[in-house]
Amino acid sequence: MKTIAYYISDYGYGHATRSTAIIRELLKKSEQVKIIICHSFALDFLQQSFRYEHRVTFREVATDVGYVLRENSLEPDGEVLNIKVSSYVSEFPTKLDEETQFMKEKNVSFVISDISPLGIAGAAALNIPSLGLSNFTWHTAYEGLIEERLLSFLHAQYNQMTYHFPLACSNEPSWGIEENQSFGFYSREIDDHEAQRIRKEIDPVGENYIIYFGLGMKVDIGTLSELPIWQSLNCKFIVSSNVEVNHPNVYRIPTNAVETHHYVAAADLVLTKAGWGTISEAVCAGVPLLITNRSSMKEDRHTIDYLVRHQLCDLIEWEELEGLVVTPSLIETCRQQRISHYKNEAIHIAEEINKKIKST
């Protein structure tokens with residue numbers, strides 16, 4: 001039995017949901033692996049996702065900083081972000097000692113990271129193979145937002161990964177020391193019956209369009225309830241459990257919901273920021289995308305450039321969103337996208353990761 005340490009970024013739920021998809025496939029591929037998930041922010045969600053899997057255990061550890069957004073905005077707060085990343089870097093030697101001790105105690109033989117630098121650095125210190133799996137790294141995401149000395153530190157950590165598996169929308173250097181392989185979109189496995197059950201619950205008569213409105217679990221915009229979008233005729237909206245919008249046409253995902261990708265699959269349109277997790281779930285479910293543009297974030301620019309280039313989304317500026325009313329013509333325009341040409345790559349990615357694990 002080989003022990004895998006799987007480090008998951010602490011920024012939002014997207015990294016946790018997509019990591020769940022890969023871990024589930026890895027467990028199917030081999031009965032000879034057990035996985036320790038290293039994470040903190042969405043730990044309850046991950047524990048619920050694997051509550052019946054005895055080969056998955058959990059270790060609560062802060063893995064990275066993520067983004068810091070301005071109040072009532074989708075834009076980053078560069079000043080606060082610099083302070084938080086600087087603190088993370090100054091504490092890194094102590095955290096690294098803790099990680100190497102953990103890896104030795106648990107006899108970890110392989111590290112996967114999406115996409116915290118901490119696990120990669122710990123693996124390198126012990127000469128354990130590591131694999132980075134993501135559409136970005138925090139080094140690239142932070143370019144133009146934090147000090148150069150902090151960027152240089154992150155570059156040094158990511159430069160130690162043994163294998164690099166960049167995903168769709170990635171615009172990264174070839175980090176992997178031994179190998180780099182590129183992959184497309186993936187998500188947790190979709191149950192069509194569950195998606196149809198959700199549609200029936202939200203719109204029993206079947207007379208409305210269903211719009212998934214996803215701004216992310218770490219976005220807090222107090223003015224959302226005032227948007228005219230909720231008044232759109234013949235539309236029902238799905239929002240996250242933390243979104244404080246009380247309107248007859250708005251359905252909030254239950255706080256105890258675990259397989260949340262089915263709410264994306266149930267929709268006629270996904271309106272979201274350029275977060276890879278929700279986008280990938282929409283692509284894998286064949287649901288059209290309307291993306292809010294956030295030009296100040298490099299990760300978002302790379303994601304949006306890829307989606308536009310491959311005709312996988314339509315764009316809307318935040319200023320336009322503030323006055324948007326969804327119409328049948330808007331939905332029909334979005335349905336012209338080429339999303340149906342893409343498949344879920346979770347199984348393929350897990351197969352390639354499993355080959356690397358077996359070779360250690």
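Exposed here means over 50% relative accessible area, and the model we are looking at is predicted.

Q: Is Lys-28 buried or exposed?
A: The cut-off for exposed is over 50% relative accessible area. Lys-28 has a relative accessible area of 56%, so Lys-28 counts as exposed.

Q: Which residue forms a salt bridge with Lys-28, and where does that residue lie?
A: The closest N and O atoms of the pair are 3.4 Å apart, and the partner is Glu-189. The two sit 161 residues apart, with Lys-28 in helix H1. Glu-189 lies in the loop between strand S7 (179-180) and helix H7 (192-202).

Q: Why is helix H1 described as largely enclosed by the rest of the structure?
A: Helix H1 covers residues 14-29, which makes 16 residues. Buried means under 20% relative accessible area, and among the residues of H1 that are buried we find Ile-22, Ile-23 and Leu-26. H1 is largely enclosed because the buried residues number 12 of the 16.

Q: Which strands pair with S4, and in which sense?
A: Let's take the partners in turn. Six bridges link S4 to strand S1 (residues 2-8), and these two run parallel. Three bridges link S4 to strand S5 (residues 130-134), where the sense is parallel. The partners are therefore S1 and S5, in the parallel sense.

Q: Which residue of S5 is the bridge partner of Ser-113, and through which helix does the chain cross from S4 to S5?
A: In S5, Ser-113 has Gly-132 as its bridge partner. The chain crosses from S4 to S5 in a right-handed β-α-β crossover, and the helix is H4 (residues 117-125).

Note on methods
Residues numbered from 1 in each chain as written. Predicted model: local features only at pLDDT ≥ 70, side-chain atom pairs only at ≥ 80, totals over all residues. Heavy atoms only, no water. Helix = DSSP H or I, 4+ residues; strand = E, 2+ residues; numbered from the N terminus. Right-handed = clockwise from strand over helix to strand, strands pointing away. Expected span 1.5 Å × (residues − 1). Buried < 20%, exposed > 50% of the residue type's maximum accessible area, 1.4 Å probe, protein only. Salt bridge = Lys/Arg side-chain N within 4 Å of Asp/Glu carboxyl O.
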